[in-house]
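Visitor: Please take one chain of this model and go through it closely. I would like the helices, the core, the contact with its partner and the backbone geometry in one connected account.

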Amino acid sequence: MIQGIPIQCFLIVSTIMFFIGICGFIIRHNLITILMSVELILNSVNINFLVFNKYLFPHQLQGHFFAMIVVAIAASEAAVAIALFINMYRKFNNIEVENINEMKY
Amino acid sequence: MIDYTYTVWIPLIPLFMFLILGLLGMKMKGSLAGIIGSSGLFITTVLSYITAYLYFFKTGEVDGTYQTITAFNTEWLNFTDTLRIHMGVMLDPISVMMLVVVSTVSLMIHIYSLGYMKGEKGFQRFYAFLSFFTFSMLGLVIATNIFQMYIGFELVGISSYILIGFYYEKPPAVAASKKAFIVTRFADLGFLIGILIISFYTKTFDFDKLISSDGSIFSGMNTASFMGVSAITWALLLIFMGCAGKSAMFPFHIWLPDAMEGPTPVSALIHAATMVVAGVYLVARMFIVFHFQVPGALIVVAYIGAFTSLIAAIVACTQFDIKRILAYSTLSQIGYMMLALGVSGYGGEEGVGYMASMFHLFTHAMFKALLFLIAGSVIHAVHTNDLREMGNLRKYMPVTFITFVVALLAISGIPPFSGFWSKDEILAAALEHNKLIFYSSVFVAGLTAFYMSRLFFSVFFGKKPHYEHKPQESPLTMTIPLMFLAAVSIFAGFIPFSRFVTTDGKAFETTLNYMIAVPSVLIALIGIGIAYFLYFKESNVPDKISSSLGIFYKTALNKFYFDEMWLFVTKKIIFNLISNPIAWFDRHIVDGAMNGVAWVIEKSSYKIKGLQSGQLQQYAFVFISGSVILVLCFIYWLN
């Protein structure tokens, strides 16, 4: 419970972050910015975890732990993703997402 | 009582030989494959002889009547309570006799082929299918029910197809094998329908119930009728159609002469001695049903047999291919067997036709196999089938020559050779029941003696053509079967057949009727005499006679144009009026509907496949809009 700040404020911030992330994921061309958008989405979820934990179950730690797991997953995902990007760059000489359409019909 | 269960091995050993030679044959040398096949068949032959001995002399006869023994019967297919198909071994006089015939002839031909087929490509394949054929034929002979018989018919049909087409690189062989298969298959269709009609009314396939009952199971079939003819008549006539196809009776006789494109041992085994008598055997097997239920069908059998035997004998006088002459001779002799069955009565002396038919089947199998093997031996020596290119071979091939003399006298019906005794019984039976058939068969007996002597004198005497290689006597593997079969042909006539094979299983005595025997021998001698006069020395008298006969000779030379008639019926009438419209319907309506469905699906899938663009962001967009719509649904509708 944080004095003077209602839960809605946090939720509004996280929602805005989430949709910024979605928006970035859909409209950006550069894979690195897409990856950054994914991180934004994950972090908005993290905020929700922490806020709900803090406001609804202040004496428990599940939310915190989940947030930490998400951070860890996000970090490893970023590592793998960037390795993939480097390989793609070697192959296509750019990292535009439109060029990665080998898996169509 | 002796346990006859071992008889299942009689057909099974050739089957195993087929599997062994078929699967491993290519890995072994040809001669080894031949020896394996022959020794397997030797075991089968020994088992058949043991069975025949035990059956005829030890246990078969109870109170003076030969019993029908079901040695083995197992359920093979169980569809419903009434529709069950069994496989088994049934022993009665005719099946035991056939076991002996089939295994003996088959063994002789296995041995003969060791020499005749030596060095041929596909030697192992040849032996594998010979074994397969023997298996099928034995399975047919011992059938306990009519469906097993049908399976046997089909199996011998397919093995005959394979063996006629053994030289599958030669177009005539391929055409002949196709022709044989299609004609016999078409006739078997009638057989199948006949079986279905019979079993529909009687609820059984078993010969046991069909032939030993008092006929009450057929009562339903006598009342039911179709197109004014009772169901049982239809059934039996359709079954006879199957027999006519297999036994090459008119009008299905056209396939047999063409089947001579196969290797000569195959002609001897399948198209002379064993498979072609399957039809006769089936009529004999169903004889009681024919006789007591539909005597009219038997008259049809008799007339078709007599007619076939007459036209085949006439055609045989004009042909030049030695194997074709023998093929027409086979047709003619099988016609004899059929007509003997057709004129036969039931019980004791009345059943002499039935006995004579089986007797003739036995003796004919031996001397006709012998004749074909001799023809093979001659062809082996001079490398041609054409009568006009042979002559004066007696000095080069003494064994072949002497065995041919035996076979000639046997088939012409000169006493004491085997053909005389069986033919005499047939003529006796014919005289008793139908004068017309009797006179035609006496005439055929004369023709038989004539065309066989014509063949004999042209091959072994007559002109002295120039041979590129000096003809030599065949190797021992080929001459031993010749000598064996010749010995059987001499002595088989003395077997008292009426003691063993009769309609009701009871023995009766036959006496030689001189009123029949003397004229038939005389007419045979006249036939031989005419042939001697025409063909012993090279002369142009035969050509003069044939040109003076003009149109009649030409018709006979062209086999009475039966092939052309069949072609006219099939190509002009059936193909144009039935097959072509059906083909059009199939191509345009049935296939059209299917193609239309396929076309619609193909076009729509081209449209749909654009959705899978490979663009990650499109997927994400669709996914997210979907989730948003779902969320909105949950929030606003489902509450």
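Guide: Chain B is the part to look at, and helix 3 (residues 93-116) of chain B is a good place to start. The model is predicted, so a word on confidence comes along the way. Of the 24 residues of helix 3 of chain B, 23 are buried, and the helix is mostly covered. From first C-alpha to last, helix 3 of chain B reaches 34 Å, close to the 34 Å expected at 1.5 Å a residue.

Ahead of helix 3 in the numbering comes a pair of strands. Strand 3 (residues 69-78) of chain B and strand 4 (residues 84-91) of chain B run antiparallel and are joined by 8 bridges. The connection between strand 3 and strand 4 of chain B is a hairpin through 5 residues. Within this pair, Ile69(B) stands opposite Leu91(B) of strand 4.

Helix 19 (residues 435-460) of chain B can be read in a similar way. It has 26 residues and reaches 37 Å from its first C-alpha to its last, close to the 38 Å expected at 1.5 Å a residue. Because 22 of these 26 residues are buried, helix 19 of chain B is largely enclosed by the rest of the structure. Just after helix 19 of chain B, Gly462(B) takes a positive phi of about 70 degrees.

Next, the nonpolar interior. The largest nonpolar core has 203 residues, and those with the most contacts inside it are Val283(B), Met358(B), Ala369(B), Leu370(B) and Ala407(B). Helix 16 (residues 352-382) of chain B supplies the largest share of this core, with 21 residues. Taking Val283(B) as an example, and leaving aside neighbours within four places in sequence, its contacts are Phe240(B), Cys243(B), Phe290(B), Val301(B), Met338(B) and Leu341(B). In soluble globular proteins, nonpolar side chains tend to be buried together.

The loops hold the backbone details. Most residues other than glycine have a negative phi, and most peptide bonds are trans. Lys203(B) is not a glycine, yet has a positive phi of about 60 degrees. It is found in the loop between helix 6 (171-202) and helix 7 (207-212) of chain B. Lys203(B) is partly exposed, because 13 other C-beta atoms lie within 10 Å. His383(B), also not a glycine, has a positive phi of about 60 degrees, and its place is in the loop between helix 16 and helix 17 of chain B. His383(B) has 12 C-beta neighbours inside 10 Å and so counts as exposed.

Two peptide bonds are cis. One joins Phe250(B) and Pro251(B), with omega about 0 degrees; Pro251(B) lies in the loop between helix 9 (231-246) and helix 10 (255-258) of chain B. Another runs from Pro415(B) to Pro416(B), with omega near 5 degrees, and Pro416(B) is in the loop between helix 17 (398-412) and helix 18 (418-433) of chain B.

The contact with chain A takes 10 residues from chain B and 11 residues from chain A. On the side of chain B, helix 26 gives the most, with 5 residues. The residues on that side divide into 4 nonpolar, 5 polar and 1 charged.

As for confidence, chain B has a mean pLDDT of 85, and 98% of its residues reach 70 or more. Among its elements, helix 26 (residues 616-637) of chain B has the highest mean pLDDT, 91, and helix 8 (residues 219-223) of chain B the lowest, 69. The model scores ipTM 0.86 and pTM 0.77.

Definitions and conventions:
Residues numbered from 1 in each chain as written. Chains lettered and ligands numbered in written order. Predicted model: local features only at pLDDT ≥ 70, side-chain atom pairs only at ≥ 80, totals over all residues. pLDDT = per-residue confidence, 0-100. Helix = DSSP H or I, 4+ residues; strand = E, 2+ residues; numbered from the N terminus. Expected span 1.5 Å × (residues − 1). Buried ≥ 20, exposed ≤ 12 C-beta atoms within 10 Å, placed from the backbone. Contact = placed C-beta atoms within 7 Å. Nonpolar A, V, L, I, M, F, W, Y, C, P; charged D, E, K, R; others polar. Core = buried A, V, L, I, M, F, W, Y, C linked by C-beta atoms within 7 Å. Pairing = 2+ DSSP bridges.
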